[in-house]
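Welcome, and thanks for taking a look at this one with us. Please have the sequence and the model open side by side as you read.

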Amino acid sequence: MSQVLPAFIRRDWVDVGDGQLLHLAQYGNPNGIPVLYLHGGPGGGCMSDELKLFDENSYRILMLDQRGGGRSRPKGDIRHNNLQALLADIETVRGLLNIPCWCVVGGSYGATLGFIYSALFPHRVMSQVLWGLFVPSDEAVAWLYGANGAANLFPQEYLAFTSLQDFTPCLETFLAGYRKGLHAPDINTLNAHVYQWLSWELALSLPGTKLPDTELPFGKSLAQIELHFAYHQYFNSYEIMCENASKITAKTVILQGEMDWVCPVMIGERFISEYGNEQIHYSVVKGGYHALANGKMHEEVVYAVGEMARKIHEK
């Protein structure tokens, strides 16, 4: 695979209301297959390395920073940040670009968002590749943040993650405590909560990796938005997924790492088995983790994205 990034086309800040300006950058072939890239988090942002997933000759690549994330403004905003707003933003951008339908590529909560979007707007998505799909059920949230899930696999990291809060078996109370810490007026308290929140996430997504201190400025908004969604039960994402998964008409490839400890295979497989349809293909990547920085996951996603373009061209 070439390490040369797809050619830059243009960038815009899209006004979607609520005082939100979303950063949209376009790359690749202006006449190629339009593909919307949905980053994770929620609250992350698009990274230049993620352009390596795409063949620039095949795709017109639309890298959209969601509300509060990346270069979108205001950075870290949570006042107008919820699932319905993110879905409305996607449709606003599509309409402004006059794109009848497009492909979707995304990972983690970006995969969740893409899954829901393709179920609620099936005529707008022609095909999609998703990885590290987060199924935001009570079980998945308890696995991620509770004491009896991933905590059993990473006990030392979980001890550090919970060290800033008084122990409580109530997950809602625990998240509320972290929420207070992530908005603390004291900068040291705030930074400590940001560091531990992101370190726990990194321990699960790419085990053995240490969070550099340089990530804290970027990480503040990411941690705050992630917790905002977790505290509000992801704004009914799971129920919407269950009720609408059968409506997906786009060819959907879901790649899940065998050792994805953020979004474990057992939860994803059970969800797709119960609610999926014949258009949804769920595949486990042997030796794969959650993050694209893992070589096995990156290779599988690149292959799937390439195959998506080939099959569309063959039609």
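What follows is a short tour of a predicted model, taking in its spaces, a helix pair, a salt bridge and some backbone details.

## The largest pocket

Let's start with the open space. The largest pocket has a volume of about 1200 Å³. Its lining is made up of 41 residues, and those closest to the centre are E50, E201, S205, L222 and A291.

Which helix gives the most to this lining? That is α6, with seven residues. Three helices, α3 (138-145), α6 and α7 (216-231), each supply at least two residues of the lining of the largest pocket. Sorted by class, the lining of this pocket holds 23 nonpolar, 11 polar and seven charged residues.

## How α5 meets α6

Helix α6, which gives the most to the pocket lining, also packs against a neighbour. Helix α5 (residues 171-182) and helix α6 (residues 187-205) pack with their axes 7 Å apart, at an angle of about 130°. Why is this pair called oblique? An angle over 145 degrees would count as roughly antiparallel and one from 65 to 115 as roughly perpendicular, so α5 is oblique to α6.

If you would like to display the contact, select L175, Y178, G181 and L182 on the α5 side. On the α6 side, the partners are T189, L190, H193, V194, Q196 and W197. The residues of this contact divide into six nonpolar, four polar and no charged.

## A cavity beside helix α1

Now to the enclosed space. Rolling a probe the size of a water molecule over the atoms shows where empty space is left. How many cavities of 30 Å³ or more does the structure hold? There is one, and the volume of the largest cavity is about 40 Å³.

The residues that line the largest cavity are L22, L64, Q66, L86, D89, I90 and L113. Helix α1 (residues 83-97) gives the most to this lining, with three residues. By class, the lining of the largest cavity has five nonpolar residues, one polar and one charged.

## D89 and its salt bridge

D89, one of the residues lining the largest cavity, is also worth a look for its charge pairing. Side chains of opposite charge can pair when their charged atoms come close. The model's count comes to 10 salt bridges. In one of them, R67 pairs with D89, and the closest N and O atoms are 2.6 Å apart.

Where do the two partners sit in the chain? R67 is in the loop between β4 (59-64) and α1, while D89 is in helix α1. The pair links distant parts of the chain, with the two residues 22 apart.

## Backbone details in the loops

Most residues other than glycine have a negative phi, and most peptide bonds are trans. With that in mind, here are a few places to check.

The peptide bond from G41 to P42 is cis, with omega near -5°, and P42 is found in the loop between β3 (33-38) and β4. R73 and P74 are also joined by a cis peptide bond, with omega about -5°. P74 lies in the loop between β4 and α1, where R67 is found too.

What about phi? D18, a residue other than glycine, has a positive phi near 60°. Look for D18 in the loop between β1 (8-17) and β2 (20-28).

Terms used. Residues numbered from 1 in each chain as written. Predicted model: local features only at pLDDT ≥ 70, side-chain atom pairs only at ≥ 80, totals over all residues. Heavy atoms only, no water. Axes fitted to C-alpha atoms, helices over the stretch in contact; angles between N-to-C directions. Helix = DSSP H or I, 4+ residues; strand = E, 2+ residues; numbered from the N terminus. Parallel < 35°, antiparallel > 145°, perpendicular 65-115°, else oblique. Contact = heavy atoms within 4.5 Å. Nonpolar A, V, L, I, M, F, W, Y, C, P; charged D, E, K, R; others polar. 1 Å grid on protein atoms, 1.4 Å probe; cavity = no way out; pocket = protein on both sides within 12 Å on 5 of 7 lines; lining within 4 Å. Points joined across faces, edges and corners; volume = space filled by probe spheres on them. Salt bridge = Lys/Arg side-chain N within 4 Å of Asp/Glu carboxyl O.
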